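Let us take a walk through this structure together. Have the sequence and the 3D view at hand as you read.

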Protein chains: 2
Amino acid sequence: MMITGEALIGGLAVKGSEGGLRAFNPATLQYLEPEFHTVGPAQIELACDLAGAAFDAYRATSDEQRAVFLDTIGRQLMELGDALVERVMAESGLPRARVEGERARSVGQLKLFAQLLREGSWSDLRVDPALPERQPPRADLRMRMIGLGPVAVFAASNFPLAFSVAGGDTASALAAGCPVVLKAHSAHPGTSELVGRAIVKAAALCGMPAGVFALLTGSGNGIGQALVAHPAIQAVGFTGSRSGGLALMAVAAARPQPIPVYAEMSSINPVFLLPHALAARAEEIAAGFAVSLTLGVGQMCTNPGLLLALDGADLERFKRAAAQALEGVAAGTMLSPGIAENFLGGVHKLADHADVATLALAPQQGGKGAPALFATSGAAFLARRELADEVFGPAALVVACRDLAELRQVADSLEGQLTATLQLEPGDYDAARQLLPVLERKVGRILANGFPTGVEVASAMVHGGPFPSTSDGRSTSVGTTAIARFLRPVSYQNLPQALLPAVLRDDKLAGSWRRVDGELTRQ
Amino acid sequence: MMITGEALIGGLAVKGSEGGLRAFNPATLQYLEPEFHTVGPAQIELACDLAGAAFDAYRATSDEQRAVFLDTIGRQLMELGDALVERVMAESGLPRARVEGERARSVGQLKLFAQLLREGSWSDLRVDPALPERQPPRADLRMRMIGLGPVAVFAASNFPLAFSVAGGDTASALAAGCPVVLKAHSAHPGTSELVGRAIVKAAALCGMPAGVFALLTGSGNGIGQALVAHPAIQAVGFTGSRSGGLALMAVAAARPQPIPVYAEMSSINPVFLLPHALAARAEEIAAGFAVSLTLGVGQMCTNPGLLLALDGADLERFKRAAAQALEGVAAGTMLSPGIAENFLGGVHKLADHADVATLALAPQQGGKGAPALFATSGAAFLARRELADEVFGPAALVVACRDLAELRQVADSLEGQLTATLQLEPGDYDAARQLLPVLERKVGRILANGFPTGVEVASAMVHGGPFPSTSDGRSTSVGTTAIARFLRPVSYQNLPQALLPAVLRDDKLAGSWRRVDGELTRQ
């Protein structure tokens, strides 16, 4: 499949009507062909109008039809072959193994949502049979979930495939029966076009309406604002910076009809090194930590940016071992010069901070990110809010607390996070029991004796967390619960069988997961 | 139990620190004893702080403990006996039968959520077992829903019991493990105190933390704004006017940490009188409509305020029969002089509208609401947005459309609604099939051959709908799905059995509803 530099609207490739832009190879520092163009207001409007027009036809498809559509997207993605892998590598600086892994993850994600559709319980079917003898009589009541409507999805910079054009937001929205208007990330327009064309081809193969998917190309905040403000758009999925997410939340809240925004924004993912674990395995934990911190040059939403422990000899062992391990990791090419520059700024802010000691800091090179490790005290961390700011890249801060009470106080001071990790041994269980209620209120996922990077695509995964790690702590962007973001319940009272949605008719209900008078059954 | 004119904070009765207010009997036009006082900023803060402090202890209770708590509240409510019924009648002007019915509904609602807790699947337990052999190995992942945190609930004016202190918002929030800080409606402070004391007593009997419930008394917007802005509050439940709901949404969105607001605001509940149904049963439908419109003097969220039909002789039959039936209904005392005045204003606006004909309009009396019926054309309705404004009370507008296309156009022009009703016969099914996709996008509940008033408390009920009928079309305030408003998912990765929440431990999971690798099971 060719990269032509076009947007995809209504199943057709169209040149954006505004200014040109090119992808940039952060490894070779060269601009890439071809030229893309930013879509204009009329093109954004057309994409949204078509998505609105496609909604009823698309949501009327059966679960099986949408499952086949998702599977077909996955197959088309694989059929792009090495051209896709190479374009991702060129546009992101990510190594081949990571890109191939991310492609497999994306295909796996599409398959997972296809499975979810085939299993069927996602739609939360409910029946409260009529009780004609009761006084007053009860009507026949049935309920199901339907899609919210067209979803605007904003692709992430750090996962050009798995959190991008055919990523988790797209997969879950399409599974829910919602058309998707996708804003490609300006850093990887070629990748986006290839994947977008795969989706368009899959839609055609599956007989889906042409408005079910659109790809908008370009740079600048104007596209996102126009997209989120368009009346046809009914929800927003976003992965990116806090400022970007907050800006979209403001647009969504100011609409005549406010809509939900699911923005995954920022997280420093605290790791608690509890005393017995540190005593038993300081060096082993340090080695695991160094791998997790530098995975993908630290450009992970779940990067372990904050380490919390009690001050003392065991923490010193950890610090030494971690610094040593990190010094052995070469600087890596970051996703873009802008990200590298921001990382450098964050590192320097910590290095120059009066209350922060530098444990490891390789010389930084332009466009690359070298690991950095810093240390401060619990008291300083509590006093200086800026020490909790995310530094996107391979940098972390060790906070040495006076005692468990201060450790808990630090935990309690944190903003909402995607994850929290406990390194612990049985001797730490009492301390962990005191921390867990705090952490449950603060984070979406709690791990023991692991590291937060590596977000499994699975039914029980939560990749979300209280504000400001996401805009909406009731949601996850990874795992099957992600579909719930794009659903709402509709109830049907006394509708004749001939007019009920097929899934709620008596003949179809038998054998489906449903709740009858509140009780789950498949009989 | 005595009414002392006090707020309830931390399990104790306290006098509000600000200005005094009294309840008013809309039937006798007399103020009622005793005097109440508006709570001050320090009292609001204390109630919220205590709710925040109680959250961890309260959510750590078992499902069975919270079920017993809800059942106990229901029993305490009944033990208030006739004193409660008489106070509600005095503060609302509602007749005894309605008040006793509403009390039964409230108790039934508490029981339903107790049942939901005992059934267990509300917490959406999930397990993806470890796959140590896989490359890379998969960790043990478990998920459950937990409460969001303390919930601010604003009681409604039109249901002094069922959408008030111990109403659906309180029942679902308490079921979810969330403490409740309740803002009593200023129109029925005595009712609120009685019911609040019943909840406080139930909390004490069940050994719940004192901060689990607070009742704030008073008038003015200051209480609500301070309450929603308090950092401990994590969600808001509200039933009332659109302006009130929008004001709370703005406060919630402007917080450093935005929080969800579930506001049930306004709805005109379109009823489609399809041609074959009108031909077969114009008079019968008119009789049913007149009963539904005047139920509770029309002060229902689901009041059928809009009738849509094709112009013609059968619609004329309906109009005549409906006008005649409504003229036979006496004016009823409205909930408050303010509501009666607003109703009169809305009725006059329609009566004086150039494009509106008056079909029935009894002389209105101060403080009472007499039924009113108006008519206009589809073209006028489409041109004049103000004709879709809610008139809270027993008034409705008949819209005569030129043809089915215009009828569909009118349906498509509507804002989000709680309900839509189809009066139909088999000959109307084709027309209904064209309307249904539109209605599914617009409303929370679709009824056939009934009327929208009378919202069953049941598993499959949706009492919600797209904005602006509610602030959040993903939710319902009646039925068991209401609990989902106050929940968020938390995932646990590789946590030792000793540290997992009890419900997710292997021994406890066996026999519970859960999803294993995505498949529902109770084995």
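What follows is a short tour of a predicted model, starting with a sheet and ending with the way the chains relate.

Begin with the sheet. Twelve strands make up this open sheet, and their pairing is mixed. Reading across, the order is E17(A)-E19(A)-E20(A)-E15(A)-E14(A)-E21(A)-E22(A)-E23(B)-E8(B)-E7(B)-E24(B)-E25(B), with strands from chain A and chain B both taking part. At the edges you will find strand E17 (357-361) of chain A and strand E25 (519-521) of chain B, each of which pairs on one side only. From one strand to the next, the twist averages 20°.

In general, the strands of a sheet pair through backbone hydrogen bonds, either parallel or antiparallel. For a case in this sheet, look at strand E7 (residues 126-128) and strand E24 (residues 514-516) of chain B: they run parallel and are joined by two bridges. Within this pair, Arg126(B) has Arg515(B) in E24(B) as its bridge partner.

Now turn to the helices. Helix H10 (residues 313-327) of chain A packs on the sheet, where it touches E14, E15, E17, E19 and E20 of chain A. The direction of H10 makes about 35° with that of E17(A). Helix H13 (residues 404-413) of chain A lies across E15 and E20 of chain A, and runs at about 140° to E20(A).

Finally, how are the two chains related? Chain A superposes on chain B by a rotation of 180° with 0.0 Å of shift along the axis, at an RMSD of 0.0 Å. That is the relation of a two-fold axis. Ala253(A) is the residue of chain A that comes closest to the rotation axis, with its C-alpha at 3.8 Å. Both copies use the same surface, as 100% of the contact residues of chain A recur in chain B.

Definitions and conventions
Residues are numbered from 1 along each chain as its sequence is written. Chains are lettered from A and ligands numbered from 1 in the order in which they are written. This is a predicted model: local features need pLDDT of at least 70, side-chain atom pairs count only at pLDDT 80 or more; totals for chains, interfaces and linings use all residues. Two strands pair if DSSP finds at least two bridges between them. Helices (H or I, at least four residues) and strands (E, at least two) are DSSP runs, numbered from the N terminus. Axes are lines fitted to C-alpha atoms, for helices over the stretch in contact, and angles run from 0 to 180 degrees between N-to-C directions. Two residues are in contact if their C-beta atoms, placed from the backbone, lie within 7 Å. Copies are superposed by least squares on the C-alpha atoms of residues with pLDDT of at least 70 in both.
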